[in-house]
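Hi everyone, thanks for making time this morning. Could you bring the model up on your screens, so that we can walk through it together?

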Amino acid sequence: MSSLNGGIAVITGAASGFGLEASRIAASRGMRVVMADVQQEALDQAAGELAAQGAMVQPFRLDVSKAAEVEGLVAITLQRFGVPNFVFNNAGVGAGGLIWEHTQKDWEWVVGVNLMGVAHGVRLFTPLMLQAAKADPNWRGHIVNTASMAGLLNAPNMGVYNVTKHAVVSLSETLYQDLALVTEQVHAHVLCPYFVPTGIHQSHRNRPAEMKDGAKPTKSQLIAQAMTGQAVTRGKLTATDVAQFVFEAMDENRFYVFSHPKSLSGVQVRLEDIMSLRNPTDPFAAKPEIAEQLRAALRSAD
Ligand SMILES: NC(=O)c1ccc[n+]([C@@H]2O[C@H](COP(=O)([O-])OP(=O)(O)OC[C@H]3O[C@@H](n4cnc5c(N)ncnc54)[C@H](O)[C@@H]3O)[C@@H](O)[C@H]2O)c1
């Protein structure tokens with residue numbers, strides 16, 4: 001039997017978007033699910049919905065950027081259910097704009113959630129999973145980290161978001177290589193979605209008071225927010241589709257999980273740029289109107 005039928009799942013960012021849909025699929029496969037999120041109300045509602053359908057769920061409120069709170073997540077998971085077979089380090093926030101316009105707090109917040117949140121999850125859960133694997137040759141585990149196509153491309157005006165997602169791809173590929181040195185029972189995966197309708201373009205709803213600095217959003221940040229909002233809400237795939245892709249990839253032991261494989265042509269161009277020492281091509285080169293719109297908006301009088 002697959003460890004993903006009737007096993008244990010820990011999912012961060014579980015109150016919305018991909019995390020919520022993955023929680024629903026996990027529950028439908030008979031998994032016991034720890035649903036973790038920073039938004040208490042949305043979390044209670046999501047966990048309540050699954051529990052009402054008979055799922056074994058444990059909601060846990062945390063900020064993934066805080067090591068001690070992720071340690072709390074580990075403790076409650078072990079206490080309630082045991083070592084997880086599926087760890088989905090998925091919580092994330094979006095923030096765009098010209099790279100030099102982010103404040104110190106912007107960097108701390110986005111790097112804290114998108115990168116350190118994943119790092120804490122990997123650091124704290126992997127040793128437990130390796131121990132469980134050693135104790136039982138039939139035990140299987142999967143760690144899935146959510147990056148983005150922004151982790152493989154560097155579209156303009158996406159600021160610190162690009163930086164953190166590239167770091168998550170690197171962390172995940174390194175995890176894959178390192179796990180392969182020590183086990184065949186625990187697998188790593190990286191999820192790289194393109195634009196999909198979720199709450200990601202309203203990430204400021206999750207920004208804690210101590211990460212706010214009172215700075216007014218700059219023009220480039222307002223433009224980034226409007227353009228990302230448009231791109232996300234116009235996405236044709238659903239968060240359910242993406243969560244389904246995650247489970248398919250785990251079932252097939254496939255590392256890379258893409259929502260829009262066609263967008264990989266941009267990655268090929270980027271790698272060709274590097275290989276031929278060519279200056280970076282605009283990732284939106286196939287849609288020149290996007291760059292044009294950005295340039296015009298940024299250069300227009302305030
Ligand atoms: N939707 C897209 O187009 C898209 C594309 C590429 C990558 N992603 C990534 O997918 C992941 C999931 O996002 P989504 O699109 O489902 O958005 P979403 O906003 O619907 O869900 C993200 C969840 O993470 C939670 N969260 C935010 N900060 C947190 C923190 N500090 N601690 C714990 N939980 C926190 C939020 O409360 C929210 O419930 C993110 O890492 C995001 O960067 C999304």
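I'll talk about how some of the helices pack, and then about the ligand. One thing to keep in mind as we go: this is a predicted model.

Let's start with helix H1, residues 17-28, and its packing against helix H7, residues 239-251. Their axes come within 8 Å and cross at roughly 60°. That angle makes H1 oblique to H7. The crossing of H1 past H7 is right-handed. Which residues make the contact? On the H1 side you'll find Gly17, Phe18, Glu21, Ala22, Ile25 and Ala26. H7 brings Ala239, Thr240, Val242, Ala243, Gln244 and Phe247. If you sort the residues of this contact by class, you get 8 nonpolar, 3 polar and 1 charged.

Now please turn to H1 and helix H2, which spans residues 40-52. Here the axes come within 11 Å, and the crossing angle is roughly 20°. So H1 is roughly parallel to H2. Again, H1 passes H2 in a right-handed crossing. From H1 we have Leu20, Ser23, Arg24 and Ala27, and they meet Ala46, Glu49 and Leu50 of H2. By class, the contact of H1 with H2 has 4 nonpolar, 1 polar and 2 charged residues.

Next, a pair further along the chain: helix H6, residues 219-233, and helix H9, residues 288-299. Their axes come within 10 Å and cross at roughly 150°. Angles over 145 degrees count as roughly antiparallel, so at roughly 150° H6 and H9 are roughly antiparallel. H6 passes H9 in a right-handed crossing. Lys219, Ser220, Ile223 and Met227 are the H6 residues here, and they meet Ile290, Gln293, Leu294, Ala297 and Leu298 of H9. This contact divides into 6 nonpolar residues, 2 polar and 1 charged.

Finally, the ligand. How many residues surround the ligand? There are 30, and the closest are Ser16, Asp37, Tyr161, Val196 and Thr198. Several backbone atoms are worth a look too. Phe18, which we met in the contact of H1 with H7, has a backbone N or O atom 2.9 Å from an oxygen atom of the ligand. For Val38, a backbone N or O atom lies 3.3 Å from a ligand nitrogen atom. Ile200 has a polar backbone atom 3.3 Å from an oxygen atom of the ligand.

That's my tour, and I'm happy to take questions.

Terms used
Residues numbered from 1 in each chain as written. Predicted model: local features only at pLDDT ≥ 70, side-chain atom pairs only at ≥ 80, totals over all residues. Heavy atoms only, no water. Axes fitted to C-alpha atoms, helices over the stretch in contact; angles between N-to-C directions. Helix = DSSP H or I, 4+ residues; strand = E, 2+ residues; numbered from the N terminus. Parallel < 35°, antiparallel > 145°, perpendicular 65-115°, else oblique. Left-handed = near helix turned anticlockwise from the far one by under 90°. Contact = heavy atoms within 4.5 Å. Nonpolar A, V, L, I, M, F, W, Y, C, P; charged D, E, K, R; others polar. Near = heavy atom within 4 Å. Polar contact = N/O pair within 3.5 Å; in protein donor to acceptor, adjacent residues only side chain to side chain.
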